[in-house]
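User: I'd like to learn how to read helix packing, cores and cysteines in a model. Can you take me through them one at a time?

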Amino acid sequence: MQQSTGEDHRENENIVANKELSILEALIPVIALVAMLAYNVYVFGDDALSGSNQFILLLGGTVAAIVGFLNKITYQQMIAEVAENIRSTTGALLILLMVGALAGTWLVSGIIPAMIYYGLQILNPTIFLAACVIICAIISVATGSSWTTSATVGIALIGIGEALGVSLGTTAGAVLSGAYFGDKLSPLSDTTNLAPAMAGGELFEHIKYMLYTTVPTILVTLLVFIIIGLNIETSGAAEVDSLLNSIDATFTINGWLFIVPIIVIFLIVKKTPPLGALMIGTLLGGLFALIFQPDIVAGITNADALTLESGYKGIMKAITVDIAIPTDNDALNDLFSASGMAGMLGTIWLIVCAMVFGGVMDGIGALDRITKSLLSLAKSTFGLFASTVGSCLALNVTASDQYLAIVVPGKMFSKAYEDKGLAPENLSRTLEDSGTVTSVLIPWNTCGAYHSGVLGVGTAEYALYAIFNWLSPITTLLFAALGIKIKQLVAKIPT
(Lines give C-alpha, C1' and ligand atoms only; values in the text may rest on other atoms or scores of the structure.)
Protein backbone atom coordinates (compact mmCIF):
# COMPACT_ATOMS: atom_id res chain seq x y z
CA MET A 1 0.00 0.00 0.00
CA GLN A 2 1.11 3.51 -0.71
CA GLN A 3 1.16 4.47 2.93
CA SER A 4 4.72 3.19 3.36
CA THR A 5 3.72 1.30 6.45
CA GLY A 6 6.40 -1.28 6.17
CA GLU A 7 4.02 -4.13 5.48
CA ASP A 8 5.00 -6.96 3.16
CA HIS A 9 4.93 -5.68 -0.42
CA ARG A 10 3.52 -9.04 -1.50
CA GLU A 11 5.73 -9.15 -4.61
CA ASN A 12 5.83 -12.93 -4.18
CA GLU A 13 2.06 -13.26 -3.83
CA ASN A 14 1.01 -16.70 -5.04
CA ILE A 15 -2.17 -16.21 -7.08
CA VAL A 16 -4.24 -19.38 -6.96
CA ALA A 17 -5.22 -20.74 -10.39
CA ASN A 18 -8.19 -23.04 -10.99
CA LYS A 19 -8.56 -24.18 -14.60
CA GLU A 20 -11.94 -25.79 -13.87
CA LEU A 21 -13.54 -22.50 -12.79
CA SER A 22 -15.48 -20.71 -15.53
CA ILE A 23 -15.63 -16.94 -15.84
CA LEU A 24 -19.35 -17.04 -15.00
CA GLU A 25 -18.66 -18.95 -11.80
CA ALA A 26 -15.85 -16.51 -10.91
CA LEU A 27 -18.21 -13.56 -11.38
CA ILE A 28 -21.12 -15.00 -9.36
CA PRO A 29 -19.70 -13.87 -5.96
CA VAL A 30 -18.89 -10.41 -7.36
CA ILE A 31 -22.37 -9.93 -8.79
CA ALA A 32 -23.94 -11.20 -5.56
CA LEU A 33 -21.77 -8.90 -3.44
CA VAL A 34 -22.51 -5.79 -5.51
CA ALA A 35 -26.25 -6.54 -5.47
CA MET A 36 -26.33 -7.15 -1.71
CA LEU A 37 -24.25 -4.05 -0.96
CA ALA A 38 -26.45 -1.90 -3.18
CA TYR A 39 -29.61 -3.05 -1.39
CA ASN A 40 -27.97 -2.74 2.01
CA VAL A 41 -26.89 0.85 1.34
CA TYR A 42 -30.39 1.61 0.03
CA VAL A 43 -31.90 0.34 3.30
CA PHE A 44 -29.35 1.66 5.80
CA GLY A 45 -27.99 4.72 3.98
CA ASP A 46 -25.06 6.31 5.79
CA ASP A 47 -25.37 3.74 8.61
CA ALA A 48 -24.42 0.87 6.29
CA LEU A 49 -20.78 0.98 7.44
CA SER A 50 -21.84 0.63 11.07
CA GLY A 51 -21.89 -3.14 10.70
CA SER A 52 -24.30 -4.33 8.02
CA ASN A 53 -21.86 -3.83 5.13
CA GLN A 54 -19.31 -5.85 7.06
CA PHE A 55 -21.72 -8.77 7.31
CA ILE A 56 -22.59 -8.40 3.61
CA LEU A 57 -18.89 -8.90 2.81
CA LEU A 58 -18.98 -12.11 4.82
CA LEU A 59 -22.09 -13.19 2.90
CA GLY A 60 -20.21 -12.47 -0.32
CA GLY A 61 -17.39 -14.65 0.95
CA THR A 62 -19.95 -17.36 1.71
CA VAL A 63 -21.24 -17.25 -1.89
CA ALA A 64 -17.63 -17.52 -3.12
CA ALA A 65 -17.04 -20.46 -0.76
CA ILE A 66 -20.12 -22.27 -2.13
CA VAL A 67 -18.76 -21.79 -5.66
CA GLY A 68 -15.45 -23.16 -4.41
CA PHE A 69 -17.02 -26.23 -2.79
CA LEU A 70 -18.88 -26.99 -6.03
CA ASN A 71 -15.51 -26.89 -7.79
CA LYS A 72 -13.89 -29.20 -5.22
CA ILE A 73 -11.84 -26.49 -3.49
CA THR A 74 -11.17 -27.50 0.10
CA TYR A 75 -12.12 -25.44 3.12
CA GLN A 76 -8.48 -25.56 4.25
CA GLN A 77 -7.27 -23.94 1.03
CA MET A 78 -9.81 -21.14 1.24
CA ILE A 79 -9.18 -20.41 4.92
CA ALA A 80 -5.42 -20.42 4.28
CA GLU A 81 -5.84 -17.63 1.72
CA VAL A 82 -8.11 -15.72 4.10
CA ALA A 83 -5.46 -16.01 6.83
CA GLU A 84 -2.77 -14.76 4.43
CA ASN A 85 -4.93 -11.80 3.41
CA ILE A 86 -5.62 -10.80 7.00
CA ARG A 87 -1.97 -11.26 7.91
CA SER A 88 -0.97 -8.88 5.12
CA THR A 89 -3.10 -6.12 6.67
CA THR A 90 -1.59 -6.42 10.16
CA GLY A 91 0.53 -3.29 9.75
CA ALA A 92 -2.39 -1.31 8.37
CA LEU A 93 -4.65 -2.31 11.25
CA LEU A 94 -2.05 -1.32 13.83
CA ILE A 95 -1.52 1.99 12.05
CA LEU A 96 -5.26 2.66 12.20
CA LEU A 97 -5.18 2.17 15.97
CA MET A 98 -2.18 4.48 16.28
CA VAL A 99 -3.81 7.14 14.10
CA GLY A 100 -6.81 7.10 16.43
CA ALA A 101 -4.49 7.51 19.40
CA LEU A 102 -2.54 10.30 17.72
CA ALA A 103 -5.71 12.21 16.78
CA GLY A 104 -6.80 12.11 20.42
CA THR A 105 -3.59 13.51 21.89
CA TRP A 106 -3.20 16.04 19.08
CA LEU A 107 -6.67 17.36 19.91
CA VAL A 108 -6.19 17.74 23.67
CA SER A 109 -2.68 19.16 23.22
CA GLY A 110 -4.04 21.91 20.96
CA ILE A 111 -2.04 20.79 17.90
CA ILE A 112 -5.08 20.28 15.67
CA PRO A 113 -6.84 23.38 17.05
CA ALA A 114 -3.65 25.37 16.35
CA MET A 115 -3.59 24.12 12.74
CA ILE A 116 -7.22 25.16 12.38
CA TYR A 117 -6.62 28.50 14.14
CA TYR A 118 -3.79 29.56 11.83
CA GLY A 119 -5.36 27.90 8.82
CA LEU A 120 -8.54 29.94 9.19
CA GLN A 121 -6.45 33.11 9.01
CA ILE A 122 -4.53 32.01 5.92
CA LEU A 123 -7.02 29.92 3.90
CA ASN A 124 -10.26 31.54 2.83
CA PRO A 125 -12.91 29.42 1.05
CA THR A 126 -11.99 30.77 -2.40
CA ILE A 127 -8.47 29.29 -2.39
CA PHE A 128 -9.01 26.65 0.28
CA LEU A 129 -9.67 23.59 -1.90
CA ALA A 130 -6.83 24.26 -4.33
CA ALA A 131 -4.55 24.90 -1.34
CA CYS A 132 -5.61 21.53 0.14
CA VAL A 133 -4.48 19.78 -3.03
CA ILE A 134 -1.12 21.55 -3.10
CA ILE A 135 -0.38 21.17 0.64
CA CYS A 136 -1.23 17.47 0.65
CA ALA A 137 0.74 16.88 -2.55
CA ILE A 138 3.86 18.42 -1.00
CA ILE A 139 3.54 16.45 2.24
CA SER A 140 2.87 13.22 0.37
CA VAL A 141 5.84 13.65 -1.98
CA ALA A 142 8.05 14.31 1.05
CA THR A 143 6.78 11.32 3.05
CA GLY A 144 5.81 8.91 0.27
CA SER A 145 2.63 8.30 2.19
CA SER A 146 -0.96 9.28 1.50
CA TRP A 147 -1.85 7.57 4.79
CA THR A 148 0.44 9.81 6.83
CA THR A 149 -0.81 12.85 4.91
CA SER A 150 -4.43 12.07 5.81
CA ALA A 151 -3.58 11.36 9.43
CA THR A 152 -1.75 14.66 9.95
CA VAL A 153 -2.54 17.66 7.74
CA GLY A 154 -5.60 15.90 6.30
CA ILE A 155 -7.41 15.87 9.63
CA ALA A 156 -6.56 19.53 10.23
CA LEU A 157 -7.74 20.55 6.74
CA ILE A 158 -11.04 18.74 7.27
CA GLY A 159 -11.50 20.80 10.43
CA ILE A 160 -10.61 24.06 8.67
CA GLY A 161 -12.99 23.23 5.82
CA GLU A 162 -15.82 22.48 8.23
CA ALA A 163 -15.22 25.76 10.06
CA LEU A 164 -15.24 27.65 6.76
CA GLY A 165 -18.49 26.03 5.72
CA VAL A 166 -16.99 23.85 2.96
CA SER A 167 -18.65 20.43 2.66
CA LEU A 168 -16.73 17.54 4.18
CA GLY A 169 -16.90 15.50 0.98
CA THR A 170 -15.41 18.30 -1.11
CA THR A 171 -12.57 18.90 1.35
CA ALA A 172 -11.81 15.17 1.65
CA GLY A 173 -11.74 14.87 -2.14
CA ALA A 174 -9.21 17.70 -2.38
CA VAL A 175 -7.09 16.20 0.41
CA LEU A 176 -7.04 12.77 -1.25
CA SER A 177 -6.36 14.18 -4.70
CA GLY A 178 -3.23 15.88 -3.41
CA ALA A 179 -2.23 12.98 -1.18
CA TYR A 180 -2.36 10.45 -4.01
CA PHE A 181 -0.57 12.74 -6.46
CA GLY A 182 2.41 12.95 -4.11
CA ASP A 183 2.19 9.33 -3.09
CA LYS A 184 2.11 8.17 -6.71
CA LEU A 185 5.26 10.08 -7.68
CA SER A 186 7.35 9.85 -4.51
CA PRO A 187 10.33 7.45 -4.67
CA LEU A 188 9.64 6.81 -0.96
CA SER A 189 6.22 5.31 -1.73
CA ASP A 190 5.62 1.57 -1.57
CA THR A 191 3.54 1.43 -4.75
CA THR A 192 5.94 3.66 -6.69
CA ASN A 193 8.58 1.00 -6.08
CA LEU A 194 6.24 -1.97 -6.42
CA ALA A 195 4.79 -1.11 -9.85
CA PRO A 196 8.09 -1.06 -11.80
CA ALA A 197 9.25 -4.14 -9.89
CA MET A 198 6.18 -6.03 -11.16
CA ALA A 199 6.49 -4.66 -14.69
CA GLY A 200 10.23 -5.23 -14.96
CA GLY A 201 11.14 -1.55 -15.18
CA GLU A 202 13.39 0.89 -13.35
CA LEU A 203 12.17 3.20 -10.59
CA PHE A 204 13.18 6.62 -11.88
CA GLU A 205 12.25 5.82 -15.48
CA HIS A 206 8.86 4.79 -14.11
CA ILE A 207 8.47 8.10 -12.22
CA LYS A 208 9.58 10.10 -15.27
CA TYR A 209 7.08 8.27 -17.49
CA MET A 210 4.24 8.77 -15.00
CA LEU A 211 4.65 12.53 -15.25
CA TYR A 212 3.13 12.47 -18.73
CA THR A 213 -0.28 11.40 -17.43
CA THR A 214 -0.03 12.63 -13.83
CA VAL A 215 0.78 16.30 -14.47
CA PRO A 216 -2.18 16.94 -16.83
CA THR A 217 -4.47 15.11 -14.43
CA ILE A 218 -3.45 17.17 -11.40
CA LEU A 219 -3.69 20.41 -13.42
CA VAL A 220 -7.27 19.58 -14.41
CA THR A 221 -7.96 18.67 -10.78
CA LEU A 222 -6.62 22.01 -9.55
CA LEU A 223 -8.62 23.88 -12.18
CA VAL A 224 -11.85 22.18 -11.09
CA PHE A 225 -11.21 22.97 -7.43
CA ILE A 226 -10.40 26.59 -8.26
CA ILE A 227 -13.73 26.85 -10.09
CA ILE A 228 -15.53 25.22 -7.14
CA GLY A 229 -13.78 27.62 -4.75
CA LEU A 230 -14.87 30.65 -6.75
CA ASN A 231 -18.47 29.52 -6.44
CA ILE A 232 -18.47 28.71 -2.72
CA GLU A 233 -20.40 31.10 -0.53
CA THR A 234 -17.68 32.49 1.72
CA SER A 235 -18.08 32.83 5.46
CA GLY A 236 -18.18 36.39 6.69
CA ALA A 237 -15.21 37.87 8.55
CA ALA A 238 -17.30 38.20 11.69
CA GLU A 239 -18.04 34.46 11.67
CA VAL A 240 -14.36 33.57 11.22
CA ASP A 241 -13.41 36.02 13.98
CA SER A 242 -15.95 34.33 16.25
CA LEU A 243 -14.39 30.94 15.58
CA LEU A 244 -10.89 32.27 16.23
CA ASN A 245 -11.97 33.89 19.49
CA SER A 246 -13.59 30.63 20.66
CA ILE A 247 -10.49 28.58 19.86
CA ASP A 248 -8.27 31.14 21.58
CA ALA A 249 -10.51 31.11 24.66
CA THR A 250 -10.48 27.31 24.91
CA PHE A 251 -6.87 26.41 24.06
CA THR A 252 -3.44 27.85 24.59
CA ILE A 253 -2.43 28.44 20.98
CA ASN A 254 1.20 29.08 20.01
CA GLY A 255 3.81 28.10 17.43
CA TRP A 256 5.53 25.62 19.76
CA LEU A 257 2.70 23.15 19.14
CA PHE A 258 3.87 22.66 15.55
CA ILE A 259 7.06 21.00 16.79
CA VAL A 260 5.23 17.68 17.13
CA PRO A 261 3.87 17.36 13.55
CA ILE A 262 7.19 18.59 12.17
CA ILE A 263 8.99 15.84 14.10
CA VAL A 264 6.55 13.19 12.85
CA ILE A 265 6.92 14.26 9.21
CA PHE A 266 10.71 14.40 9.61
CA LEU A 267 10.73 10.85 11.00
CA ILE A 268 8.63 9.56 8.09
CA VAL A 269 10.90 11.27 5.55
CA LYS A 270 13.88 9.64 7.25
CA LYS A 271 12.15 6.27 6.69
CA THR A 272 11.37 5.65 10.35
CA PRO A 273 8.80 2.82 10.50
CA PRO A 274 5.41 4.56 10.49
CA LEU A 275 4.23 2.76 13.62
CA GLY A 276 7.24 4.13 15.47
CA ALA A 277 6.73 7.64 14.10
CA LEU A 278 3.05 7.63 15.03
CA MET A 279 3.81 6.30 18.51
CA ILE A 280 6.34 9.09 19.05
CA GLY A 281 3.81 11.61 17.74
CA THR A 282 1.16 10.26 20.12
CA LEU A 283 3.44 10.40 23.17
CA LEU A 284 4.71 13.88 22.30
CA GLY A 285 1.12 14.99 21.83
CA GLY A 286 0.31 13.72 25.31
CA LEU A 287 3.34 15.50 26.77
CA PHE A 288 2.45 18.78 25.07
CA ALA A 289 -1.12 18.43 26.35
CA LEU A 290 0.16 18.29 29.92
CA ILE A 291 2.44 21.29 29.31
CA PHE A 292 0.15 23.58 27.30
CA GLN A 293 -3.42 22.46 28.08
CA PRO A 294 -3.43 21.28 31.75
CA ASP A 295 -6.98 22.51 32.39
CA ILE A 296 -8.36 20.63 29.38
CA VAL A 297 -6.61 17.40 30.40
CA ALA A 298 -7.98 17.72 33.92
CA GLY A 299 -11.44 18.56 32.57
CA ILE A 300 -11.60 15.31 30.62
CA THR A 301 -11.72 13.46 33.94
CA ASN A 302 -13.87 16.15 35.64
CA ALA A 303 -10.99 16.96 37.99
CA ASP A 304 -10.64 20.45 39.44
CA ALA A 305 -6.92 20.64 38.71
CA LEU A 306 -4.19 18.67 36.98
CA THR A 307 -2.63 16.01 39.17
CA LEU A 308 -0.55 12.96 38.36
CA GLU A 309 -3.67 10.78 38.43
CA SER A 310 -5.96 13.13 36.50
CA GLY A 311 -3.21 13.80 33.95
CA TYR A 312 -2.64 10.10 33.36
CA LYS A 313 -6.35 9.35 33.11
CA GLY A 314 -6.99 12.32 30.82
CA ILE A 315 -4.26 11.38 28.35
CA MET A 316 -5.23 7.69 28.37
CA LYS A 317 -8.86 8.59 27.67
CA ALA A 318 -7.79 10.82 24.78
CA ILE A 319 -5.75 7.94 23.35
CA THR A 320 -8.36 5.24 23.71
CA VAL A 321 -11.99 6.43 23.86
CA ASP A 322 -14.42 9.23 22.95
CA ILE A 323 -13.63 12.69 24.26
CA ALA A 324 -15.20 16.08 23.58
CA ILE A 325 -13.82 19.51 24.43
CA PRO A 326 -16.66 22.04 24.87
CA THR A 327 -16.33 25.59 23.59
CA ASP A 328 -18.65 28.60 23.57
CA ASN A 329 -19.25 28.10 19.83
CA ASP A 330 -21.63 25.35 18.70
CA ALA A 331 -19.90 25.12 15.31
CA LEU A 332 -16.69 23.98 17.03
CA ASN A 333 -18.14 21.51 19.51
CA ASP A 334 -18.51 18.66 17.00
CA LEU A 335 -15.16 19.56 15.50
CA PHE A 336 -13.29 19.32 18.79
CA SER A 337 -14.16 15.72 19.55
CA ALA A 338 -12.18 12.52 18.96
CA SER A 339 -12.80 8.81 19.37
CA GLY A 340 -9.27 7.55 20.01
CA MET A 341 -8.35 3.98 19.21
CA ALA A 342 -11.93 2.84 19.84
CA GLY A 343 -13.12 5.02 16.98
CA MET A 344 -11.05 2.98 14.52
CA LEU A 345 -12.56 -0.39 15.45
CA GLY A 346 -15.39 -0.08 12.90
CA THR A 347 -12.88 0.50 10.11
CA ILE A 348 -10.75 -2.42 11.31
CA TRP A 349 -13.86 -4.59 11.34
CA LEU A 350 -14.60 -3.58 7.74
CA ILE A 351 -11.07 -4.37 6.56
CA VAL A 352 -11.05 -7.81 8.21
CA CYS A 353 -14.38 -8.73 6.59
CA ALA A 354 -13.16 -7.43 3.22
CA MET A 355 -10.06 -9.58 3.53
CA VAL A 356 -12.28 -12.61 4.15
CA PHE A 357 -14.12 -12.00 0.88
CA GLY A 358 -10.88 -11.33 -1.04
CA GLY A 359 -9.19 -14.37 0.50
CA VAL A 360 -11.96 -16.76 -0.46
CA MET A 361 -12.07 -15.27 -3.99
CA ASP A 362 -8.34 -15.89 -4.30
CA GLY A 363 -8.60 -19.34 -2.71
CA ILE A 364 -11.15 -20.60 -5.25
CA GLY A 365 -9.13 -19.18 -8.18
CA ALA A 366 -11.69 -16.48 -9.07
CA LEU A 367 -9.19 -13.60 -9.06
CA ASP A 368 -6.91 -15.45 -11.46
CA ARG A 369 -9.83 -16.38 -13.72
CA ILE A 370 -11.21 -12.83 -13.93
CA THR A 371 -7.79 -11.35 -14.70
CA LYS A 372 -7.01 -13.90 -17.42
CA SER A 373 -10.39 -13.26 -19.02
CA LEU A 374 -9.58 -9.57 -19.18
CA LEU A 375 -6.17 -10.39 -20.65
CA SER A 376 -7.79 -12.46 -23.40
CA LEU A 377 -9.66 -9.33 -24.56
CA ALA A 378 -6.40 -7.47 -25.24
CA LYS A 379 -6.18 -7.81 -29.02
CA SER A 380 -4.82 -4.31 -29.72
CA THR A 381 -2.48 -1.93 -27.93
CA PHE A 382 -5.42 0.06 -26.61
CA GLY A 383 -7.16 -3.19 -25.66
CA LEU A 384 -4.10 -4.19 -23.66
CA PHE A 385 -4.11 -0.89 -21.73
CA ALA A 386 -7.88 -1.10 -21.21
CA SER A 387 -7.62 -4.69 -19.97
CA THR A 388 -4.91 -3.66 -17.51
CA VAL A 389 -7.05 -0.82 -16.19
CA GLY A 390 -10.09 -3.11 -15.95
CA SER A 391 -8.06 -5.75 -14.12
CA CYS A 392 -6.73 -3.24 -11.58
CA LEU A 393 -10.22 -1.86 -10.93
CA ALA A 394 -11.70 -5.35 -10.65
CA LEU A 395 -9.09 -6.41 -8.12
CA ASN A 396 -9.53 -3.27 -6.03
CA VAL A 397 -13.21 -4.21 -5.81
CA THR A 398 -12.92 -7.98 -5.40
CA ALA A 399 -9.63 -8.46 -3.51
CA SER A 400 -10.07 -5.27 -1.43
CA ASP A 401 -6.31 -4.95 -1.44
CA GLN A 402 -4.23 -2.36 -3.28
CA TYR A 403 -1.13 -4.55 -3.43
CA LEU A 404 -3.03 -7.28 -5.25
CA ALA A 405 -4.41 -4.70 -7.69
CA ILE A 406 -0.80 -4.02 -8.69
CA VAL A 407 0.85 -7.43 -8.22
CA VAL A 408 -1.69 -9.62 -10.05
CA PRO A 409 -2.04 -7.52 -13.23
CA GLY A 410 1.69 -6.80 -13.14
CA LYS A 411 2.45 -10.51 -13.24
CA MET A 412 -0.30 -11.38 -15.71
CA PHE A 413 0.30 -8.60 -18.25
CA SER A 414 4.10 -8.14 -18.30
CA LYS A 415 4.64 -10.77 -21.01
CA ALA A 416 1.77 -9.38 -23.11
CA TYR A 417 3.34 -5.91 -23.11
CA GLU A 418 6.71 -7.38 -24.05
CA ASP A 419 5.16 -9.39 -26.90
CA LYS A 420 3.63 -6.21 -28.32
CA GLY A 421 7.01 -4.47 -28.19
CA LEU A 422 5.97 -2.11 -25.40
CA ALA A 423 8.41 -0.93 -22.73
CA PRO A 424 7.66 -1.97 -19.12
CA GLU A 425 7.08 1.70 -18.22
CA ASN A 426 3.75 1.49 -20.07
CA LEU A 427 2.59 -1.27 -17.74
CA SER A 428 3.99 0.22 -14.52
CA ARG A 429 2.41 3.61 -15.31
CA THR A 430 -0.95 2.00 -16.01
CA LEU A 431 -0.77 -0.02 -12.79
CA GLU A 432 -0.29 3.19 -10.82
CA ASP A 433 -2.85 5.20 -12.81
CA SER A 434 -5.54 2.60 -12.16
CA GLY A 435 -4.51 0.36 -9.27
CA THR A 436 -2.92 2.80 -6.82
CA VAL A 437 -5.25 5.77 -7.05
CA THR A 438 -8.66 4.08 -7.36
CA SER A 439 -8.30 1.95 -4.22
CA VAL A 440 -9.49 4.87 -2.08
CA LEU A 441 -12.80 4.99 -3.98
CA ILE A 442 -13.87 1.51 -2.81
CA PRO A 443 -15.47 1.59 0.67
CA TRP A 444 -14.36 -1.93 1.63
CA ASN A 445 -10.87 -1.67 0.12
CA THR A 446 -8.21 -1.23 2.81
CA CYS A 447 -7.37 2.24 1.44
CA GLY A 448 -10.99 3.38 1.16
CA ALA A 449 -11.76 2.12 4.65
CA TYR A 450 -8.64 3.75 6.10
CA HIS A 451 -9.07 7.23 4.64
CA SER A 452 -12.81 7.24 5.31
CA GLY A 453 -12.17 6.28 8.94
CA VAL A 454 -9.33 8.75 9.50
CA LEU A 455 -11.01 11.73 7.84
CA GLY A 456 -14.45 10.88 9.20
CA VAL A 457 -16.00 11.19 5.72
CA GLY A 458 -17.75 8.36 3.87
CA THR A 459 -16.35 7.26 0.52
CA ALA A 460 -19.71 8.02 -1.11
CA GLU A 461 -19.36 11.62 0.12
CA TYR A 462 -15.86 12.22 -1.24
CA ALA A 463 -15.67 9.89 -4.28
CA LEU A 464 -17.01 12.46 -6.77
CA TYR A 465 -14.60 15.10 -5.46
CA ALA A 466 -11.55 12.81 -5.43
CA ILE A 467 -11.06 14.09 -8.96
CA PHE A 468 -7.44 13.09 -9.38
CA ASN A 469 -8.24 9.53 -8.32
CA TRP A 470 -11.00 8.76 -10.82
CA LEU A 471 -9.58 10.93 -13.60
CA SER A 472 -6.19 9.15 -13.62
CA PRO A 473 -7.37 5.89 -15.27
CA ILE A 474 -9.37 7.94 -17.79
CA THR A 475 -6.24 9.94 -18.65
CA THR A 476 -4.11 6.83 -19.14
CA LEU A 477 -6.76 5.32 -21.44
CA LEU A 478 -6.97 8.57 -23.40
CA PHE A 479 -3.21 8.56 -23.91
CA ALA A 480 -3.37 4.94 -25.05
CA ALA A 481 -6.24 5.62 -27.46
CA LEU A 482 -4.44 8.59 -29.03
CA GLY A 483 -1.03 6.87 -29.01
CA ILE A 484 0.54 9.58 -26.84
CA LYS A 485 3.79 8.68 -25.07
CA ILE A 486 3.51 4.93 -25.68
CA LYS A 487 7.11 3.93 -25.20
CA GLN A 488 8.41 1.15 -27.41
CA LEU A 489 10.57 -1.65 -26.08
CA VAL A 490 13.14 -1.14 -28.84
CA ALA A 491 13.68 1.84 -31.07
CA LYS A 492 12.01 1.59 -34.43
CA ILE A 493 14.29 1.40 -37.45
CA PRO A 494 13.72 4.38 -39.76
CA THR A 495 12.16 3.47 -43.10
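Analyst: Keep in mind that this is a predicted model. Start with a helix pair. Helix α8 (residues 168–185) packs against helix α24 (residues 467–482) at an angle of about 50°. Their axes are 7 Å apart.

User: What is α8 relative to α24: parallel, perpendicular or oblique?

Analyst: Angles of 65 to 115 degrees count as roughly perpendicular, and those under 35 degrees as roughly parallel. The pair fits neither, so α8 is oblique to α24.

User: Which residues make the contact?

Analyst: From α8 come L176, S177, Y180, F181 and K184. From α24 come I467, F468, N469 and S472. By class, the α8 contact with α24 has 5 nonpolar, 3 polar and 1 charged residues.

User: Now the core. Which residues have the most contacts inside the largest nonpolar core?

Analyst: They are V108, L120, F128, I247 and F336, in a core of 148 residues. Helix α4 (residues 90–108) gives the most to this core, with 12 residues.

User: What does I247 touch?

Analyst: Leaving out residues up to four places away in sequence, I247 touches P113, I116, Y117, L120, I253, L332 and F336.

User: How many disulfides does the structure hold?

Analyst: The count is 0. A disulfide needs two cysteine sulfur atoms within 2.5 Å. For C132, the nearest cysteine sulfur belongs to C136, 6.1 Å away.

User: Why is C447 not bonded to C392?

Analyst: Their sulfurs are 13 Å apart, too far for a bond, and C392 has the closest cysteine sulfur to that of C447.

User: Is C132 buried or exposed?

Analyst: C132 is buried, because its relative accessibility is 0%. C447 also counts as buried, at 0%.

Methods: Residues numbered from 1 in each chain as written. Predicted model: local features only at pLDDT ≥ 70, side-chain atom pairs only at ≥ 80, totals over all residues. Heavy atoms only, no water. Axes fitted to C-alpha atoms, helices over the stretch in contact; angles between N-to-C directions. Helix = DSSP H or I, 4+ residues; strand = E, 2+ residues; numbered from the N terminus. Parallel < 35°, antiparallel > 145°, perpendicular 65-115°, else oblique. Contact = heavy atoms within 4.5 Å. Nonpolar A, V, L, I, M, F, W, Y, C, P; charged D, E, K, R; others polar. Core = buried A, V, L, I, M, F, W, Y, C linked by side-chain atoms within 4.5 Å. Buried < 20%, exposed > 50% of the residue type's maximum accessible area, 1.4 Å probe, protein only.
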